[in-house]
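User: I'd like to learn how to read a protein with a ligand. Can you walk me through one?

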Amino acid sequence: MIQPYQNYQLRYKNEKERIKSIVYEAGMSDQFILKEKVARLEEKIKEYTGAPYATAVSNGTSALIIILKALGVKPGVDVLTPAFSFIATASCISLLGGNPIFVDIDKKTGMIDPDDVKRKITPSSRVIIAAHLFSVMANMHRLRDIADEHGLFLVEDSAVALGGTIDGVSAGLLGDIGLYSFFPAKPIGGIGDGGMIVTKDDELAARCKMLRNHGQEAGKRFYHTLIGYNYRMDELVADFITQRLEQLEQIIETRGELAELYHKELASSATYVSLPPKTEYQRVYYTYLVQAEYRDELQSFLEEKGIETVVFYPLAIHEQKAYQHLGHQQGDFPNAEQFASKSLAFPLYPEMRHADVRQITERVNEFYAAKQH
Ligand SMILES: Cc1ncc(COP(=O)(O)O)c(C=O)c1O
């Protein structure tokens, strides 16, 4: 590939000694899991986001499971969740025996539609999950109002939105509880799996901390207050993320500049490509996702030219085989289905040069220019 979707070799090229020393230090310290370095990362995330409580966990998916478990999701409990998202936004509900109640997305933003949330609320509803995807954030103000009006918890799946803010409040703290993923492809980009739960609620935070480590209260080894999981974070991962956090502002800025360049260079294909919607808040470009006419043809064309793109996501969640048992039909969530049929993400990573973006956009424009004739 001339233009790969990610380029981790570039990210780590000059990091050899630093990474070796992180591994060596962890090994020599006798401290491998949930120790000082994890506690230090939790403090750093609290500082960076303004969260009163932070709980480091093994990944974003385990964060979601812990959160939903802490909120009492179990058989018979309904959780409203977007029909278009990463599968974990729904599967974590199912894994706890709860019922995912799919909600359509807003046609323009691609995020959960507050009007459809209202339509889907029933007496069995307990939680709304709002996911921020790609670089767009859900309409948290309206969702907060709806959740309050109906006495529901509002979970913010901010797995990909660390660094984003609405009116100065960090993604993750706009609902009752939120999370970040440190998976290598995410904006901060870890060196393996990792996640973090953030909240302003002390009781919820305490429950999450117990649930991540077999239901133990801190300092009370082998005394189990809750039935919990082993969803702990390793010291190695924590040290790496703590160091990377220092670069996050720069990473976000660079990602934003690359996205701006995409906007500018793709303007001539505007009839065929809907660019990421304009927003008022500080966004974090996790991917550069467009809605593209002739999407599959464009993807093949780019691949032939050595440009790798990714379809996020090829199916809405109710269309996945794993959810066929719910009996949803084609057309039940038309905006989600439409998004799944047109979404395409172009490469966007902080080590990219402007010339790389131009090489990609020239090919995209060439593809659509041919369609005009
Ligand atoms: C919206 C969303 N939620 C949750 C997750 C799960 O995070 P992890 O991969 O760390 O388990 C992801 C990961 O891609 C995601 O995109």
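User: How many residues of domain 1 are in contact with domain 2?

Analyst: First, a word on the source: this is a predicted model, where local features need pLDDT of at least 70, side-chain atom pairs count only at pLDDT 80 or more, and totals for chains, interfaces and linings use all residues. Residues are numbered from 1 along each chain as its sequence is written, and side-chain values use heavy atoms, with hydrogens and water left out. Contact means heavy atoms within 4.5 Å. Here 34 residues of domain 1 touch 33 residues of domain 2.

User: Where do the two domains run?

Analyst: Bounds come from an automatic or database domain assignment. Domain 1 covers 8-104 + 112-245, and domain 2 covers 248-372. Their C-alpha centres are 25 Å apart.

User: Which side chains make polar contacts with the ligand?

Analyst: Look for a pair of N or O atoms within 3.5 Å. T61 puts a polar side-chain atom 2.5 Å from a ligand oxygen, and N59 has one 3.5 Å from an oxygen of the ligand. On the ligand's nitrogen side, a side-chain N or O atom of D157 is 2.7 Å away from a nitrogen atom.

User: How much of the ligand does the protein bury?

Analyst: Accessible areas come from the Shrake-Rupley method with a 1.4 Å probe. Alone, the ligand exposes 380 Å², and the protein buries 92% of that.

Definitions and conventions:
Polar contact = N/O pair within 3.5 Å; in protein donor to acceptor, adjacent residues only side chain to side chain.
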